Amino acid sequence: MNDINARIISALKEVLKEKYDLDAPAGILTVEIPKDPKMGDYSSTCAMRLAKTLHQNPKMIAETIAEGLREKLPDAETIEIAGPGFINFRMKKSALASVINTILDAGAKYGHNNSGEGKKILVEWVSANPTGELHCGHARNAAWGDSICRLLEASGWDVLREYYVNDAGNQIVMLGESLIARYFEYFGKEYPLPPDGYHAQDVKDIAVSIAEAEGDRWLDADPKERLAYFMAEGKNRELKKIDADLKLYGVRIDSWIHETLFYENDKARIKAVLKRMDDLGLTYEKDGALWFKSTEYGDDKDRVLKKSDGTLSYMTPDIANHVYKVERGYPLLVDLWGADHHSYVIRMKAALKALGYPADTLQVDLIQMVRMVEDGVEVKMSKRTGNAITIRELCEDVGVDAARWFFVSKDVATHMDFDMKLARTRSNDNPVYYAQYAYTRMFNILHKEGTPEFRREDSYDLLTDPHETEMLKLIAEFPKTVAESAKNRTPNRMCNFCQQLAREFHSYYNSCRVSDPQNPELTNQRLGLISAVMITMKNALDLIGVSAPEKM
RNA sequence: GCGCCCGUGGCGCAAUUGGAUAGCGCAUCUGAUUCCGAAUCAGAAGGUUGUGGGUUCGAUUCCCGUCGGGCGCGCCA
């Protein structure tokens, strides 16, 4: 065990057992870095938290604990009581610096932790309809979800990254019809383009590409066959583009689940779910439609499962979709939806609850709207195409790193203005480059001509500068920060971490010289520190899909 | 009308999930490069956390009311 946090906590545990014969429940024994370094390197609030359980003054508890700790924690230089019952620790410098070798050993895996304990979790996000290109509204969802997956994976969860393809509804028929119209147009023939069809350029492009590949053989084909062909071909080509754009954006999807899957074999999966609901007495018929008694599970009105015309409402195959996730062995489900779907959350949770799944099986994070802004005014359309700005255009314009950083750095629960101009600027106005520049600077130090090769040491006892202490504490916190960001699904905390680490480093850089020929021992230890900070920074940036450049 | 989300210096965001004197960036002002890249740093100024109550050792965080902004209230998807 080489983690200071863990060592303090296990010492606290021992002392509580010894002095109070108490097995402290989880969540009570926590160690934090106080805001003000004057208070100490680390701090625990456990005495105050235990005051009620032990029926004692928190200050007295703190005294008793501190007394016991002085023998059990040789890494601590001083242990003091402050305020209403804080226990403050100042650690020996060599103890703080021991994290350097931990990081050098872990390398790209530093920060990884097992807080997820191998549990299975299925994250469904993006899930845009395959009827057009991904636009910047999807970009916030895509970046956030991908970062959540990265955090969960780094925290020992068994994650399945899934995209639900809505390919069974009327919109795919419209896509097919729109493509046929453009296909006819290509050959100079007439075919009505439906008013609520898809008029965007990319639909035209697909039609032209089909025409070039297939020739005019579909002009006189059987209309039913033709529509089926154009629907399938259109969907596949749109999905290929979506996949390519997501890859460009650094987003990986492992599993594409098509809505039509649930219609296969005469709707076998949907019928099974409807039967289950019927058997549980959750449905009734009214006005020729089949209803789900969702009000009994917290909804404000009952919902239609099967419309009076015999077709299914959107929700019905989606219930089958969620059931299928659990059936594949994923007891925990996360969905990322646009905030305009918030009423749908209650509905889907009600359905799963009614089917007998635990209440917290499904967790939905709602993503608030994004407005693209330039010079203070909203930009609705791309200047180039006249359509909504696509994710691809965004990547080409501001860059993947800036786009992802901007979307991930802000909590999705709040409305966001994406400042195109700011994201584009390569200057100190732009927070992405602040963190990346710190990495580049560190790389330069290590690879500068004349910098000696770093030799690993057993102890780094010369790193006593306050800046060095702060950086050591910060990088030692990294695995804990990753675990908490994963648990709470708050990748924006990774941005804060990067920024904080960059700030500490830049400050250090300006006040201490790393490479000093007059002092080879100190130089070597500082090179060790820089190597460790670099690894941490790179790993942190990677968790939000931002690159760590060696040159800028 | 009902429901959900948000409200933190001029602007954009944090706050270790209920902890100590509420932090950071931009903008403003004053300084720092013969020295590892100035896409940098040091310092100053800027706050009754929308507002009124409540819960307790302690509230930006939890509860109730209220004001302001956004979204949603289909046999659409």
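**Leucine 355, the cores and RNA strand B**

Me: What does leucine 355 touch, if residues up to four places away in sequence are not counted?
Reply: In this predicted model, leucine 355 touches Val273, Arg276, Met277, Leu280, Leu282, Ile319 and Val323. Each of these counts as touching because contact means heavy atoms within 4.5 Å. Leucine 355 itself has its place in the loop between H12 and strand E11, which covers residues 362-367.

Me: Why is leucine 355 called buried?
Reply: The relative accessible area of leucine 355 is 7%, and buried means under 20%, so leucine 355 is buried. For chain A as a whole, 52% of the 552 residues count as buried.

Me: What makes leucine 355 a member of a core, and which residues are among the others in that core?
Reply: The largest nonpolar core has 124 residues, of which Tyr249, Leu394, Trp405 and Phe418 touch the most other members. Apart from this core lies another, of 34 residues, and Val323, Ala351, Leu355 and Val364 are among them. Leu355 can belong to such a core because a nonpolar core is a set of buried residues of certain kinds, Leu among them, joined through side-chain atoms within 4.5 Å, and leucine 355 is buried.

Me: What does tryptophan 405 touch, again not counting residues up to four places away in sequence?
Reply: Tryptophan 405 touches Pro431, Val432, Ala435, Cys495, Cys498, Leu541, Ile544 and Val546.

Me: How do you know that strand E12 and E14 pair?
Reply: Four bridges join strand E12, residues 370-374, to E14, and the two run parallel. Two strands pair if there are at least two bridges between them, and with four bridges E12 and E14 therefore count as paired. Within this pair, valine 370 stands opposite methionine 416 in E14.

Me: What makes strands E13 and E14 the edges of their sheet?
Reply: The sheet is open and has three strands in the order E13-E12-E14, with mixed pairing. Strand E13 (377-378) and strand E14 (416-419) each have a single partner strand, so one side of each is left without a neighbour in the sheet.

Me: How do you know that serine 308 makes a polar contact with RNA strand B?
Reply: A backbone N or O atom of serine 308 lies 2.8 Å from a base oxygen of RNA strand B. A polar contact is a pair of N or O atoms within 3.5 Å, and the pair at 2.8 Å therefore qualifies. By the same cut-off, two side chains also qualify: an N or O atom of serine 343 is 3.4 Å from a sugar or linking oxygen of RNA strand B, and a polar atom of asparagine 496 lies 3.2 Å from a sugar or linking oxygen of this strand. Strand E3, strand E8, helix H12, helix H16 and helix H18 are the elements that give two or more residues to the surface near RNA strand B, and the largest share, eight residues, comes from H18.

Me: Why are Lys410 and Tyr434 counted among the residues that surround RNA strand B?
Reply: A residue is near a strand if one of its heavy atoms lies within 4 Å of it, and 61 residues surround RNA strand B, with Lys410, Tyr434, Tyr437, Arg441 and Asn444 the closest. By class, this surface has 21 nonpolar, 23 polar and 17 charged residues. Of the atoms of RNA strand B within 4 Å of the protein, 61% belong to sugar or phosphate, and the rest belong to bases.

Key:
Residues numbered from 1 in each chain as written. Chains lettered and ligands numbered in written order. Predicted model: local features only at pLDDT ≥ 70, side-chain atom pairs only at ≥ 80, totals over all residues. Heavy atoms only, no water. Polar contact = N/O pair within 3.5 Å; in protein donor to acceptor, adjacent residues only side chain to side chain. Nonpolar A, V, L, I, M, F, W, Y, C, P; charged D, E, K, R; others polar. Buried < 20%, exposed > 50% of the residue type's maximum accessible area, 1.4 Å probe, protein only.
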